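Thank you for making the time this morning. I would like to take you through one structure, a part at a time, and I will keep to what can be read from the coordinates.

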Amino acid sequence: ESKSDFNNISHYGLDSLCNQIEKSNADIVLNGIAGSSGLLPSISTLKSKKDLALANKESMVMAGKLINKLAIDNNVKILPVDSEHSAIFHLLENCRPEHLDEIILTASGGAFRDYTFEQLKTVTFKDALQHPTWSMGDKITIDSASMANKGLEVIEAAMLFNLPKEKIKVLIHPQSYVHSIIRKSDMSMYAQISSPDMCLPIQNALLYPELEKVNSTFLDLANKQLTFSKPDYSKYKMLELAYKALEKGEAYHIAYNATNEVLVDLFIKDKIQFLDIPMYTERVLDQKLINKLETIEDILGLDSYIRDITLKIVGN
């Protein structure tokens, strides 16, 4: 689309952004908005019959069933851009559904992967931003440190690929060369391996189904070490809580995300401690919620309600 066409519909705010998406003549929209603010642009993209290159995991976490239905109804594609889900998407192209045993999402372990639980009691916002591999925004870097980001990715994978929680595993892989793995029913494993560079999943989504060379993701495996370990749930409680949210249903997916967004903001403002994030998240997930979310209004209403009760629980 030409720059002049874009300027003709350029305004400010979320509503105007959705309006731009709907009026645009683009074939595909890349949604890289952070957090729950990305949900409505995803919906506008699909409703306007455009393919969605999705880097906003909250869209699937909050409204996975609705997003999938819109894609089917409008005959458009959802192309994952998160490196892990992009890897799984392409690995599954060569795997019949009945042959899939499980998928394995890899995680760097974040800024605190070498910390003990005791050390986590005194970490600060500034400490949490020292990610060993990726350069990202404040919120997602904190989520990486708590593994809430991987928890969101577990829920997203369940929604994107229609998988039960038992078929979604996570391994800590500090080198970040292996972006995801699938295990087939014969117990063989297939991995997508490349340098930790987002150019590859972005380009693969925008050019799908074509592939073109991405020099920045070339990786020479000679003299490289690839190590893997299971996540310690006592240290990464947010990952364990994501599986709890998956088990309890759609309303709890929304609760997991909304609560985490509120708590991360409070942590950034130095109003709570790092380990308060999983503690308060668990308290919210223990609330009784009704899993009846048929419209976007239902979803947004519950999201707002969860944010209110999270602040009340913290305040008390």
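I will go through a helix and its surroundings, then the salt bridges, then a pair of helices, and finally a single strand residue.

Before anything else, please keep in mind that what you see is a predicted model.

Let me begin with helix H8, which covers residues 138–146. Within H8, the buried residues are Thr141, Ile142, Asp143, Ser144, Ala145 and Ser146. What covers these buried residues of H8? The cover includes helix H7 (125–128), helix H9 (148–161), H11, H12 and helix H13 (276–285). Directly after H8 comes Met147, and its phi is positive, near 70°.

One of the buried residues of H8 also takes part in a salt bridge, since the side chains of Lys139 and Asp143 meet with an N to O distance of 2.5 Å. Both Lys139 and Asp143 belong to H8, and they are four residues apart, about one turn of the helix. The two partners fall into separate accessibility classes, and with the cut-off for buried set at under 20% relative accessible area, the reasoning is brief. Asp143 has a relative accessible area of 2% and is therefore buried, while Lys139, at 22% relative accessibility, counts as partly exposed.

That brings me to the salt bridges of the structure in general. How many salt bridges does a search of the whole structure find? The search finds 18 salt bridges, and I will pick out a few of them.

In helix H11, which spans residues 237–248, Glu240 forms a salt bridge with Lys237, and the closest N and O atoms of the pair are 2.9 Å apart. Glu240 and Lys237 are three residues apart in H11, so about one helical turn separates them. Here Glu240 counts as partly exposed, at 31% relative accessibility, and Lys237 counts as partly exposed too, at 24%.

Another salt bridge joins the side chains of Lys165 and Glu166, with 3.2 Å from N to O; Lys165 is partly exposed, with a relative accessible area of 26%. There is also a network of salt bridges, and the residues linked in it are Glu84, Lys150 and Glu153.

Now I would like to turn to a pair of helices, H12 (residues 250–268) and H14 (residues 296–315), whose axes come within 9 Å and cross at roughly 45°. With that angle, H12 and H14 are therefore oblique to each other, and their crossing is right-handed. On the H12 side, the contact is made by Ala251, Ile254, Ala255, Asn257, Ala258, Thr259, Glu261, Val262, Leu263 and Leu266, and on the H14 side by Ile299, Leu302, Asp303, Ile306, Arg307, Thr310, Leu311 and Val314. By character, the residues of this contact between H12 and H14 divide into 12 nonpolar, three polar and three charged.

Finally, let me look at one residue in a strand, namely Ile193, which lies in strand E7 (residues 189–193). Is Ile193 buried, exposed or partly exposed? Its relative accessible area is 37%, so Ile193 is partly exposed. If we leave aside its neighbours within four places in sequence, Ile193 is in contact with Tyr177, Val178, Leu219 and Leu221. The C-alpha atoms of Ile193 and Ala87 are separated by 8.6 Å, although these two residues are 106 residues apart along the chain.

How values were computed:
Residues are numbered from 1 along each chain as its sequence is written. This is a predicted model: local features need pLDDT of at least 70, side-chain atom pairs count only at pLDDT 80 or more; totals for chains, interfaces and linings use all residues. Side-chain values use heavy atoms; hydrogens and water are left out. Axes are lines fitted to C-alpha atoms, for helices over the stretch in contact, and angles run from 0 to 180 degrees between N-to-C directions. Helices (H or I, at least four residues) and strands (E, at least two) are DSSP runs, numbered from the N terminus. Angles under 35 degrees count as roughly parallel, over 145 as roughly antiparallel, 65 to 115 as roughly perpendicular and the rest as oblique. A crossing is left-handed if the near helix is turned anticlockwise from the far one by less than a right angle, and right-handed if clockwise. Contact means heavy atoms within 4.5 Å. Ala, Val, Leu, Ile, Met, Phe, Trp, Tyr, Cys and Pro count as nonpolar, Asp, Glu, Lys and Arg as charged, and the others, Gly among them, as polar. Buried means under 20% relative accessible area, exposed over 50%, partly exposed in between (1.4 Å probe, protein chains only). A salt bridge is a side-chain nitrogen of Lys or Arg within 4 Å of a carboxyl oxygen of Asp or Glu.
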